[in-house]
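Biologist: I would like to look closely at one position in this two-chain model, and then to follow what surrounds it outward into the rest of the assembly. Please take the description step by step and keep the backbone geometry in view.

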Amino acid sequence: MNWLKSFKMEIRMDFMNWPDQHPSLKILGSLEDPADLVRVSSVCRSWRHFVIANGLCKRLCLRIFPHFLRVDCVIEPSCGIEKPSEFGCSKFVEWETLKREHKTYAFLAQGCLSFPLRECILDAISASSTDNYPVESIRNTLQLGDNSEGRAS
Amino acid sequence: MSSSTDSPTLTTETTQLSPQPDTETAKPTKKITLKSSDNQIFEVEESVAMEFATVKSFFEDSPSSTDIVPLPNVTAKPLSQVIEFCKEQIKFKANPDEAQKKKYNAEFLTEKSDKDLVDMIPVANYLEIKDLLDVLNQAVADRIENKSVEYVRNFFGIDNDFTAEEEAALRREHAWAYEGVDED
């Protein structure tokens with residue numbers, strides 16, 4: 001029956017169906033404060049997964065500070081760049097990267113939004129993207145550890 | 001009081017007063033009957049029903065059409081609110097007035113409860129009414145801005161499935177994000 005064909009969207013309806021599934025990307029994508037995104041990501045497991053998998057913190061950060069488009073990847077001082085194929089599971093590595101980005105970009109956006117840090121970090125990024133790549137790349141000048149607790153070290 | 005079109009059948013939705021007797025209303029308009037999942041019948045003008053991309057594509061796919069368009073999963077209350085919104089949008093399409101439209105949309109949204117807004121989203125999504133979906137999403141985002149995690153859970157009726165330890169760890173990771181949220 002034609003009708004059934006045109007109502008295949010029932011599946012999408014489930015996806016949107018509160019409260020057991022995900023919030024819409026549009027709603028969370030409309031939030032403009034990294035703190036909102038962080039809190040939303042601790043509402044429940046599926047929401048956390050949703051926020052991280054869609055890279056919402058990164059998107060927000062890049063929307064506010066397009067400077068960061070030049071950032072190649074983010075690392076945490078303690079764990080280095082992603083562990084190579086030892087685990088043989090690219091999904092795992094990918095997920096770890098997304099989690100790291102969630103954490104780091106939330107910090108970054110928050111840090112950059114607080115006034116004194118704003119210029120300091122943006123200057124550092126402009127500087128680091130000028131010469132002597134990769135030794136002075138952003139990766140080597142901007143680390144999560146420098147920014148702990150939302151304050152400059 | 002209302003337009004001069006003949007409408008012999010009962011409509012369950014609360015028909016709003018439609019004061020402007022402009023040229024549009026003078027024409028006899030085709031009506032389309034929608035049936036909600038809880039078996040309420042809604043008679044809407046074709047122009048309104050065509051705002052629902054889902055319904056529109058149904059009629060395009062099968063022009064011979066049926067008498068009643070069933071809308072599975074769409075209950076009467078949010079559907080009536082969605083229809084109310086779309087009726088107004090049609091008027092703005094005929095007589096564009098951005099300021100008035102903004103004003104109407106803002107009023108439409110502020111008078112709705114949290115639950116009303118949240119219930120309308122899947123309906124607008126299902127019927128593919130992009131404009132409405134956009135304003136609903138923005139309105140919901142505005143309502144959860146700077147609210148606590150518990151508030152957001154209540155807002156959407158979500159159970160916390162983190163263990164106490166996990167939740168504490170999440171809060172530690174971004175302690176700054178949990179400070180200074182709204183009281184309520």
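Biologist: What is the place of B:Asn146 in chain B?

Modeller: The model is a predicted one, and in it B:Asn146 belongs to the loop that runs between α7 (130-144) and α8 (149-156) of chain B. The backbone at B:Asn146 deserves attention, since its phi is near 60°, a positive value in a residue that is not glycine. As for its surroundings, B:Asn146 counts as partly exposed because 13 other C-beta atoms lie within 10 Å, where burial would require 20 or more and exposure 12 or fewer.

The loop can also be placed against the larger divisions of the chain. Chain B is divided into domain 1, covering 23-145, and domain 2, covering 150-184, and the centres of domain 1 of chain B and domain 2 of chain B, taken over C-alpha atoms, are separated by 34 Å. A UniProt annotation from an unreviewed entry, "domain: SKP1 component dimerisation", covers residues 130-177 of chain B. Over that span the chain is 69% helix and 0% strand, and the end C-alpha atoms are 32 Å apart.

From this loop one can step across to chain A, through A:Asp36. Leaving aside residues up to four places away in sequence, A:Asp36 touches B:Asn146, together with B:Glu145 and A:Leu31. A:Asp36 is part of helix α4 of chain A, and it is buried because 22 other C-beta atoms lie within 10 Å. A further distance helps to locate A:Asp36 in its own chain: its C-alpha atom is separated by 15 Å from that of A:Thr104, which is 68 residues away along the chain.

The part of chain A around this point carries an annotation as well. In an unreviewed UniProt entry, "domain: F-box" covers residues 25-63 of chain A, a stretch that is 74% helix and 0% strand and whose end C-alpha atoms are 15 Å apart. Chain A as a whole has nine helices and zero strands. Buried residues make up 27% of its 153 residues, and of the contacts in chain A with a separation of 6 or more, 59% are between residues 24 or more positions apart.

Helix α5 of chain A, residues 45-53, shows how this helical packing is arranged, with A:Trp47, A:Phe50 and A:Val51 buried. These three residues cover an arc of only 95° around the axis, so they are on the same side of α5(A). The underlying reason is general: an α-helix has 3.6 residues a turn, so residues three or four places apart point the same way. The buried residues of α5(A) pack against four helices of chain A, namely α3 (25-29), α4 (34-40), α6 (56-64) and α7 (90-113), and α4 of chain A is the helix in which A:Asp36 lies. After α5(A) comes A:Gly55, whose phi is positive, near 55°.

Back in chain B, a second non-glycine residue with a positive phi is useful to set beside B:Asn146, namely B:Asn39, whose phi is about 65°. B:Asn39 lies in the loop between β1 and β2 of chain B, and with 8 other C-beta atoms within 10 Å it is exposed, whereas B:Asn146 is partly exposed. The strands on either side, β1(B) and β2(B), form a hairpin with four residues between them. They run antiparallel and are joined by five bridges, and B:Ile32 stands opposite B:Val44 in β2(B).

This hairpin is part of an open sheet of three strands with the order β2-β1-β3 in chain B and mixed pairing. The edges are taken by β2 (41-45) and β3 (68-71) of chain B, each with a single partner strand, so one side of each is left without a neighbour in the sheet. From one strand to the next the twist averages 30°. On the other side of the hairpin partner, β1(B), which spans residues 31-36, runs parallel to β3(B) and is joined to it by four bridges, with B:Lys35 having B:Pro70 as its bridge partner in β3(B). Helix α4 of chain B, residues 76-94, lies across β1, β2 and β3 of chain B and runs at about 10° to β2(B). The strand β2(B) is mostly covered, with four of its five residues buried.

Terms used. Residues numbered from 1 in each chain as written. Chains lettered and ligands numbered in written order. Predicted model: local features only at pLDDT ≥ 70, side-chain atom pairs only at ≥ 80, totals over all residues. UniProt positions renumbered as here; feature names shortened; annotations may be inferred. Helix = DSSP H or I, 4+ residues; strand = E, 2+ residues; numbered from the N terminus. Domains from an automatic or database assignment. Contact = placed C-beta atoms within 7 Å. Arc of directions from axis to C-beta. Pairing = 2+ DSSP bridges. Axes fitted to C-alpha atoms, helices over the stretch in contact; angles between N-to-C directions.
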